[in-house]
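Work through the following exercises with the sequence and the structure side by side, and try each task before reading its solution.

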Amino acid sequence: MPESSVVRTTHDSQDQAQPVRIAVYSDRRALREDVRAAIGSSLDRDYPSVELTDFATAPILVRALHNREFDLCLLDGEPAPLGGIGLAYQIRNEVDNPPPLVVMLARRDDAWLATWSKADEVVPLPIDPLQLPATVSRVLSEREAMRNPVPEAGK
């Protein structure tokens, strides 16, 4: 089984914008498929196309992040030996200018650990097909706003 795979979902074939590149880290194929089904074509109009890449192992994902290949990472909090919380902490400390990190957690009580890991957001498992794309869009929008602030009127 390959370490990663790419699936591109496009809202509008006429749109020439760069796709949003999202890394999906989980050792569970079913969860990666649930993420793909939820993200699919349901991101908002600000992000007309999405490219999802699956990662079953952390080292391959970290290598890709060093190459700045992704706009956002969705990290499963459950894999062993390295879950999404520990991986988020590692990425924040090892990767220059990492993309936003969203950790997917089954246990609500673990959300405080995601704060420690400096994850940008936490979403619950199982995947909510409405909440996940909305969260991804919001996190991407917030990152874009930080990169390109709107100048204040009169300045």
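Accessible areas come from the Shrake-Rupley method with a 1.4 Å probe, and for residues only the protein chains shown count as cover. The model is a predicted one, in which local features need pLDDT of at least 70 and side-chain atom pairs count only at pLDDT 80 or more, while totals for chains, interfaces and linings use all residues. Residues are numbered from 1 along each chain as its sequence is written, and side-chain values use heavy atoms, with hydrogens and water left out.

**Exercise 1.** Describe the surface of the protein and its buried share.

Solution. The protein exposes about 8700 Å², of which carbon and sulfur atoms supply 50%. Of its 155 residues, 45% are buried (buried means under 20% relative accessible area, exposed over 50%, and partly exposed in between, with a 1.4 Å probe and protein chains only).

**Exercise 2.** Analyse the salt bridge between Asp 54 and Arg 32.

Solution. A salt bridge is a side-chain nitrogen of Lys or Arg within 4 Å of a carboxyl oxygen of Asp or Glu, and in this pair the closest N and O atoms are 3.7 Å apart. Because Asp 54 lies in strand 3 (residues 49-55) and Arg 32 in helix 1 (residues 29-39), the pair ties together parts 22 residues apart in sequence; helices (H or I, at least four residues) and strands (E, at least two) are DSSP runs, numbered from the N terminus. Asp 54 is buried at 7% relative accessible area, and Arg 32 is buried at 6%.
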